[in-house]
Amino acid sequence: MHDAVSAPGGIDLAVDVRNLTRVEGEGSLHLRVRDGAVESARLEIFEAPRYFERLVVGRSMDEVIDIVARICGICPVAYQMTAVHAAEAAFGITVDPATVALRRLLYCGEWIESHALHVYLLHLPDLLGYPSAIDLAQHARATVEGGLRLKRAGNAIVARIGGRAIHPVSVRVGGFSRVIRRDEIASLRADLVEARDLADATVELVAGLQPPAFRRDARLVALRSPDEYPMNTGRIVSNDGLDVAATDWESIFEERQVPWSNALQAHGRDGRPYLLGPSSRVTLDADRLHPRAAAALARLDLADRIANEPNWSIAARAVELVHAVAEAIDLVDAYEQPARGAVDWSPRAATAAWATEAPRGLLFQRFRLDDDGRVQEARIVPPTSQNQAAIEADLALFAPTVLDRPHAEITHLLEQLIRSYDPCISCATHFLDLQVEDSS
Amino acid sequence: MTAVLDIAPAVRRPDITDAPEVTLPVPATLIEILACGAPDRGDDSAATIAVGRLADTLPDDVRARIVGQLDIDDLLAIPPGAGAIVVDTAVGVDPGWIVEIPFSGLAGRESGIRPRSSHALSIPETVAVASIIRGRPLQGMVVAVGGVDFGLGESLSWPVAAAMDAFVMAIADAVQRVRALVAGTPPRG
């Protein structure tokens, strides 16, 4: 629930979108306006709870890596990267530099495929005035084809390193399940070079868009690493001075159950919502962008709008596409094949916690492990459940500015605003309070 | 408990339907069956189970793949001249009922029947965009069973479990129909 926001004129309005389209998973929007004031703005997530936090109990961390990948078909790498880094930190494992590079390359692949999908097929139809991706493809087939080739370059990275494009299987504690050869990595280069041009073209395309105006102050949160754009490492920072270790997520944020959603909602412990994702990263880590992406951001001259206008998130994704492709090429060129796939390690009792940057924002995981390294208790906090409160707050702020429009247009603009956050509802549906009674 | 929907195209797409006819070589794989869904989400596993039961009986020119979430690239990878069968669980139809929808009837339809596997882009949109990119309509069908229980676990709800034999037969029947579609001849029998 949010504080009522008044609009001129005593308008009563109900907006109900039962099935949001062009978002991952199943959710609905309910907005109530009485006498010009927003009474409630709810992003209702009714997709069934998935209980992954219970599913991993009793499992080793190598099993956890494969299980958590099943949480999402679009960002499985994010779940794997967070879990594997948590395990290695807990077990005191130092991996081969080639493993560090391969994991970053794998993450670049996921960012490319996820961002290309969202930019070209989920968000762009809204911003070019087409009702669907079908209409966009009909009228701008070459544009969509280019977006799909860009996405394919990301898929190819994940498939080559991860063993398959969806739910990859090669990530292991200490490294990878096999030695990934130099020639395998080198074979990715040609497609990435083409993708580099396509990413640059994406920036040019985005520069010509005119998203609906909506400006607000948001608390932006992302990881920040001392020497790289954040993917696998970094501290949690914000645009209002937060700076804590990623493992301390629970000291700063908390999750709450709300009656209208199967996703827990995260807030700061001070009750404030916060926003994760590309706009937050580009704002808080602009000085860590690859030079090619930094130049793209400068060309766009949209840094202020990316920070303050959610409908401009497409520009942040375009900049990150340039970054991910350019860094992927650098990683491919510099790759040195390791002598073995993974280093040896031994489990021990520990708390394993970590955060990485999924395409949609910061993903936190914590596992309490027993002497054999098996999970006793788990917590998984996906970015969309963290963004949910910020999305609702923005809906409540945005709605009064469009109440003078026809109902259908209001509905479309609200849906469009939700899509701009690229919510992944399938990721978000998790419960912490599952009770399991053992009758044995 | 089988309902067959055969819906005419609601929106005509002149730029692809008017594409000049060309004679395509017969591909080695004539039909691809793409099974959607997650094996650990109750009724969402119905497609992979059904396709798994059929796998050993499929002719050499029919290939079955588990794709989880249908991607446009899955459809772009289908050879020219071949067809596709997308198998999934659906909501908006009674549990256990089976729907068979030709690709030509997907675009613009508003029946309320939706595939249940999570797809950022819906199956009708995915098929339509793939057809536009391919430059000609992709021949094929969606075969789906109505689901009701999508919670964690591998067990099926009783209506879906009871419909599995019919679901398997519907997929086998779709193979014959799509074979006829890609060959440009009416199905036998």
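Select A:G92 in this predicted model. A:G92 sits just after α3(A) and has a positive phi of about 65°.

Step back to the helix before it, residues 76–91 of chain A. The 16 residues of α3(A) reach 23 Å from the first C-alpha to the last, close to the 22 Å expected at 1.5 Å a residue. Colour α3(A) by burial: 14 of its 16 residues are buried, so the rest of the structure largely encloses this helix.

Next, select residues 97–127 of chain A, which form helix α4. Add helix α6, residues 141–162 of chain A. The two axes come within 8 Å and cross at roughly 155°. Angles over 145 degrees count as roughly antiparallel, and α4(A) and α6(A) are therefore roughly antiparallel to each other. The crossing of α4(A) past α6(A) is left-handed.

Keep α4(A) selected and turn to the largest nonpolar core, which has 194 residues. Helix α4 of chain A gives the most to this core, with 16 residues. Which residues touch the most other members of the core? They are A:V325, B:I85, B:V87 and B:I171.

Zoom in on B:V87. Leaving out residues up to four places away in sequence, B:V87 touches B:I33, B:L34, B:A35, B:C36, B:A47, B:A50, B:V51, B:V143 and B:I171.

Finally, return to chain A and select helix α13, residues 313–334. Its 22 residues should span 32 Å at 1.5 Å a residue, and the end C-alpha atoms are 31 Å apart, which agrees. Is α13(A) mostly covered or mostly open? Mostly covered: 19 of the 22 residues of α13(A) are buried.

How values were computed:
Residues are numbered from 1 along each chain as its sequence is written. Chains are lettered from A and ligands numbered from 1 in the order in which they are written. This is a predicted model: local features need pLDDT of at least 70, side-chain atom pairs count only at pLDDT 80 or more; totals for chains, interfaces and linings use all residues. A nonpolar core is a set of buried Ala, Val, Leu, Ile, Met, Phe, Trp, Tyr and Cys residues joined through C-beta atoms within 7 Å. A residue is buried if 20 or more other C-beta atoms lie within 10 Å of its own, exposed if 12 or fewer, and partly exposed in between; C-beta atoms are placed from the backbone. Helices (H or I, at least four residues) and strands (E, at least two) are DSSP runs, numbered from the N terminus. Two residues are in contact if their C-beta atoms, placed from the backbone, lie within 7 Å. The expected span of a helix is 1.5 Å times one less than its number of residues. Axes are lines fitted to C-alpha atoms, for helices over the stretch in contact, and angles run from 0 to 180 degrees between N-to-C directions. Angles under 35 degrees count as roughly parallel, over 145 as roughly antiparallel, 65 to 115 as roughly perpendicular and the rest as oblique. A crossing is left-handed if the near helix is turned anticlockwise from the far one by less than a right angle, and right-handed if clockwise.
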